[in-house]
Amino acid sequence: MPPRYSTTTPVSRIRRRLSSTTTTTSPARPSRSWSPHAAFAAATERARAGTLSPEDAHHLFDDLLRQAAPVSERSLDSFLAALARAPDSGACRDGSALAIALFNRARREEAVPRVARPTIFTYGVLMNCCCRALRPDLGLAFFGLLLRTGLKKNVIIGSTLLKCLCYAKRTDEAVNVLFHRMSELGCVPDALSYNIVLKGLCEDGRSQQALDLLQKVRKDGGACSPDVVTYNTVIHGFFKEGEIGKACDLFHEMQQMVVPDVVTYNSIIDALCKARVMDKAELFLRQMVERGVQPNEVTYTSIIHGYSSLGKWKEASRLFRKMTSLGLIPNIVTWSSFMASLCKHGRTKEAAGVFDSMTAKGHKPNIVTYGALIHGNKESVQMYSPI
């Protein structure tokens with residue numbers, strides 16, 4: 001059954017549910033020298049820096065609606081894309097929702113003469129925004145609008161459609177679109193297209209089906225072949241489902257096709273540490289170094305946490321020293337896990353020294369960090385208190 005794409009405009013629904021602020025109207029009119037291109041360029045830079053507030057963005061559109069010079073599609077597209085990719089900040093907590101709300105303003109009837117028609121890029125940005133805002137259903141509604149425009153589709157839009165379907169937990173429909181409908185849209189799936197669907201299957205707990213799809217793609221050959229991301233996705237999916245054997249088998253098979261990267265090894269090492277088979281985790285650590293893949297903070301954090309959870313503070317200390325000697329900076333999880341291991345074995349002085357080192361490097365302790373120190377000090381008092 002073909003996927004259902006609503007052709008009903010989502011403008012009112014998106015404005016009502018996703019707009020993080022109400023439109024404010026400034027009484028002042030923009031000056032005659034006001035340049036839409038310059039104004040949008042400046043706002044785009046602020047959005048990228050995370051300093052553009054929803055109020056400032058709506059004021060920009062207030063000025064837009066009161067001037068005659070049209071805004072080019074490139075200016076609008078760049079601005080919306082910057083908002084979509086902007087990290088959450090004190091100025092704006094949800095750039096994706098703001099981008100959708102502003103687009104709705106730009107497409108209202110009174111704004112149309114002042115804004116160029118949306119491009120294929122515009123619709124791609126908006127569909128991605130809907131996924132980030134956890135409203136993939138609205139992304140599919142935007143795709144319905146796109147179908148009505150007659151714009152030529154491309155593989156980027158096809159892949160974004162697959163992402164919306166997977167986010168909406170309509171993975172079977174995504175598989176159908178991938179193999180049967182993308183050609184109707186006039187585009188050929190690429191590695192990203194397949195990886196999106198594979199990730200959707202794995203997140204649904206269907207890693208075996210993802211593996212079957214991977215093997216089908218590899219067997220069929222063609223221009224698109226599985227890459228390192230493809231294998232990493234399915235390997236990680238098997239580990240999440242507790243299928244360690246299948247994950248390791250796929251890793252060995254992978255090495256005949258592509259070169260594993262740090263993400264591959266991190267996934268394997270983390271799973272082995274959680275399974276408390278530390279000897280094998282260290283075996284993979286040595287293997288990755290021998291093969292020229294440099295461990296990173298994630299690699300060492302997994303092993304340090306693994307040893308710490310087993311109470312093996314000496315091994316955790318050895319890995320911690322190794323990590324810092326390589327210039328890698330531990331994160332708060334690494335610091336807290338290591339201190340908890342030291343405190344559990346009555347080595348509160350060493351834990352306090354680690355705490356001082358952590359704060360000296362600018363890391364802010366969290367409740368887990370303080371909890372480890374308090375718990376460790378309580379145990380030390382009980383250990384050395386007279387009966």
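Two residues are in contact when they have heavy atoms within 4.5 Å of each other. Keep that in mind as you look around this predicted model. The protein chain has 20 helices and zero strands. Of its 387 residues, 49% count as buried. If you take the contacts in the chain with a separation of 6 or more, 67% of them come from residues 24 or more positions apart.

**Asn128 and its neighbours**

- Let's start in helix 6, which covers residues 120-132 and holds Asn128.
- Asn128 has a relative accessible area of 17%, and the cut-off for buried is under 20%, so Asn128 counts as buried.
- Leaving aside residues up to four places away in sequence, Asn128 touches Thr160 and Lys163.
- With Lys163 there's also a polar contact: the two side chains are joined at 2.8 Å.

**Helix 8 next to helix 10**

- Lys163 turns up again here, as one of the helix 8 residues that meet helix 10.
- Helix 8 runs over residues 155-167 and helix 10 over residues 191-203, and their axes sit 9 Å apart.
- The packing angle is about 0°, and angles under 35 degrees count as roughly parallel, so helix 8 and helix 10 are roughly parallel to each other.
- On the helix 8 side, the residues that meet helix 10 are Val155, Ser159, Leu162, Lys163 and Cys166.
- Their partners in helix 10 are Leu192, Ser193, Ile196, Val197 and Gly200.
- Sort the residues of this contact by type and you get six nonpolar, three polar and one charged.

**Leu146 in helix 7**

- Leu146 belongs to helix 7, residues 136-149.
- Its relative accessible area is 0%, so Leu146 is buried.
- Which residues does Leu146 touch, not counting those up to four places away in sequence? They are Ile120, Tyr123, Leu151, Lys153 and Ile157.
- Leu146 and Thr122 are 24 residues apart along the chain, and 9.9 Å separates their C-alpha atoms.

**Helix 14, from end to end**

- Helix 14 covers residues 262-274, and you can check its length yourself: at 1.5 Å a residue, its 13 residues should span 18 Å.
- The sum uses one less than the number of residues, and the end C-alpha atoms turn out to be 18 Å apart, which agrees with the expected span.
- At the N-terminal end, Asp261 acts as a cap, with a side-chain oxygen 3.1 Å from the backbone nitrogen of Val263.
- Just after helix 14 comes Arg276, with a positive phi of about 65°.
- Which residues of helix 14 are buried? They are Thr264, Tyr265, Asn266, Ser267, Ile268, Ile269, Ala271, Leu272 and Cys273.
- Among the elements covering those buried residues are helix 12 (228-240), helix 13 (244-254), helix 15 (278-290) and helix 16 (297-309).

**Thr334 in helix 18**

- Further along the chain, Thr334 sits in helix 18, residues 332-344.
- Is Thr334 buried or exposed? With a relative accessible area of 1%, Thr334 is buried.
- Thr334 touches Thr301, Ile304, Phe320 and Met323, again not counting residues up to four places away in sequence.
- The side chains of Thr334 and Thr301 are also joined by a polar contact of 2.6 Å.

Notes:
Residues are numbered from 1 along each chain as its sequence is written. This is a predicted model: local features need pLDDT of at least 70, side-chain atom pairs count only at pLDDT 80 or more; totals for chains, interfaces and linings use all residues. Side-chain values use heavy atoms; hydrogens and water are left out. Axes are lines fitted to C-alpha atoms, for helices over the stretch in contact, and angles run from 0 to 180 degrees between N-to-C directions. Helices (H or I, at least four residues) and strands (E, at least two) are DSSP runs, numbered from the N terminus. Angles under 35 degrees count as roughly parallel, over 145 as roughly antiparallel, 65 to 115 as roughly perpendicular and the rest as oblique. Ala, Val, Leu, Ile, Met, Phe, Trp, Tyr, Cys and Pro count as nonpolar, Asp, Glu, Lys and Arg as charged, and the others, Gly among them, as polar. Buried means under 20% relative accessible area, exposed over 50%, partly exposed in between (1.4 Å probe, protein chains only). A polar contact is a pair of N or O atoms within 3.5 Å; within protein, one must be able to donate a hydrogen and the other to accept it, and residues adjacent in sequence count only if both atoms are side-chain atoms.
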